[in-house]
Amino acid sequence: ALASPHTINVFDFGMTSDGNFYYVMELLSGRDLESFVRDFGPVPADRAIHLLRQACHSLADAHAHGFVHRDVKPANIYLCRMGLEYDFVKVLDFGLVKYRDSRSLSQTLTGLDHQTTGTPAYMAPEIILGEAEVDRRADVYALGCVAYYLLTGQLVFEAETPMKMLMQHVQTVPVPPSQRTELPIPAELDAFVLACLEKDPNKRPQNAEDLLH
């Protein structure tokens, strides 16, 4: 149903004879943003904006169709070469993670080790608290976390355990990204990231299309 060029193409899906689900996607030439930043460091503001706009295009298309990604993070955003074009973004893994009740969230946390990377680093406060059904504003929060990582090479919050990190997402006001990197970040971009990271979803941009404007 999704038509954005920045959304991964899925060509087929089904069930094998032994009961395993499979799906067939396009083959991408590139690497995910998590490993890219880890190996090469934060990206300049203008490049970060270029990459984020493409991710927003994909998410805006999904939101317009009533879909919520639910697991936006650098590992699910691929930086590709498409023909002669470089820095072409593809967003992966739509709808593979759902937090529809406290049980599914607790199962996710139980399966995590004590590393600080992964889903807890990009989880919106309302998901953690179980106060509301997951909606498009959770993707906006996660994209703010992705922007923070791109600009600083660091997570919004650092913690020894996933649970401590989750509590910081609920309680702690983030430091502006410009204060955590030596690269210049315009005040408008600082404000954009912090708006996405508002604890109250009503104070954030309400969907990815709002971010494009």
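Me: What do buried and exposed stand for, and where does Met15 fall?

Reply: Buried means under 20% relative accessible area, exposed over 50%, and partly exposed in between, with a 1.4 Å probe and protein chains only. Met15 has a relative accessible area of 55%, so Met15 is exposed. Met15 sits in strand 1 (residues 10-15). Beyond residues up to four places away in sequence, Met15 touches Asn20, Phe21 and Tyr22. Contact here means heavy atoms within 4.5 Å.

Me: Any ground rules before the next feature?

Reply: This is a predicted model, where local features need pLDDT of at least 70, side-chain atom pairs count only at pLDDT 80 or more, and totals for chains, interfaces and linings use all residues. Residues are numbered from 1 along each chain as its sequence is written, and side-chain values use heavy atoms, with hydrogens and water left out.

Me: Which helices and strands make up the chain, and in what order do they run?

Reply: Helices (H or I, at least four residues) and strands (E, at least two) are DSSP runs, numbered from the N terminus. The chain has 8 helices and 5 strands. From the N terminus the order is β-β-β-α-α-β-β-α-α-α-α-α-α. Of the 213 residues, 47% count as buried. Take the contacts between residues at least 6 apart in sequence: 69% of them join residues at least 24 apart.

Me: How do I read the span of a helix, and what does helix 2 reach?

Reply: The expected span is 1.5 Å times one less than the number of residues. Helix 2 (residues 45-64) has 20 residues and reaches 27 Å from first C-alpha to last, close to the expected 28 Å. Helix 5 (residues 136-152) has 17 residues and reaches 25 Å, close to the expected 24 Å. Helix 5 is mostly covered, with 16 of its 17 residues buried.

Me: What follows helix 2 and helix 5?

Reply: A glycine with positive phi follows helix 2: Gly66, near 85°. Just after helix 5 comes Gly153, with a positive phi of about 75°.

Me: Which residues other than glycine take a positive phi?

Reply: Most residues other than glycine have a negative phi. Arg70 is not a glycine, yet has a positive phi of about 80°. Arg70 lies in the loop between helix 2 and strand 4 (77-82). At 17% relative accessibility, Arg70 counts as buried. Asp87 is another non-glycine with a positive phi, about 55°. Asp87 belongs to strand 5 (residues 85-91). Asp87 is buried too, with a relative accessible area of 17%.

Me: How is a cavity found, and how many are there of 30 Å³ or more?

Reply: On a 1 Å grid over the protein atoms alone, a cavity is a set of points where a 1.4 Å probe fits but cannot get out; lining residues have an atom within 4 Å of a point. Grid points are joined across faces, edges and corners, and a volume is the space filled by probe spheres set on the points. The whole structure has 1 cavity of 30 Å³ or more. The largest cavity holds about 80 Å³.

Me: Which residues line the largest cavity?

Reply: There are 12 lining residues, and Arg70, Tyr122, Met123, Ile127 and Ala142 lie nearest the centre. Helix 5 gives the most to the lining, with 3 residues. The lining divides into 8 nonpolar, 1 polar and 3 charged residues. Ala, Val, Leu, Ile, Met, Phe, Trp, Tyr, Cys and Pro count as nonpolar, Asp, Glu, Lys and Arg as charged, and the others, Gly among them, as polar.

Me: Which residues of helix 7 are buried, and which are exposed?

Reply: An α-helix has 3.6 residues a turn, so residues three or four places apart point the same way. In helix 7 (residues 187-196), Leu189, Asp190, Val193 and Cys196 are buried. They cover an arc of only 130° around the axis, so they lie on the same side of helix 7. The arc is that of the directions from the helix axis to the C-beta atoms. Ala187 and Glu188 are exposed on the other side of helix 7. The buried residues of helix 7 pack against helix 2, helix 5 and helix 8 (208-212).

Me: Is His6 buried or exposed?

Reply: His6 is buried, with a relative accessible area of 10%. His6 lies in the segment before strand 1. Leaving aside neighbours within four places in sequence, His6 contacts Gln54, His57, Ser58, Phe88, Val89, Lys90 and Val91.

Conventions: 1 Å grid on protein atoms, 1.4 Å probe; cavity = no way out; pocket = protein on both sides within 12 Å on 5 of 7 lines; lining within 4 Å.
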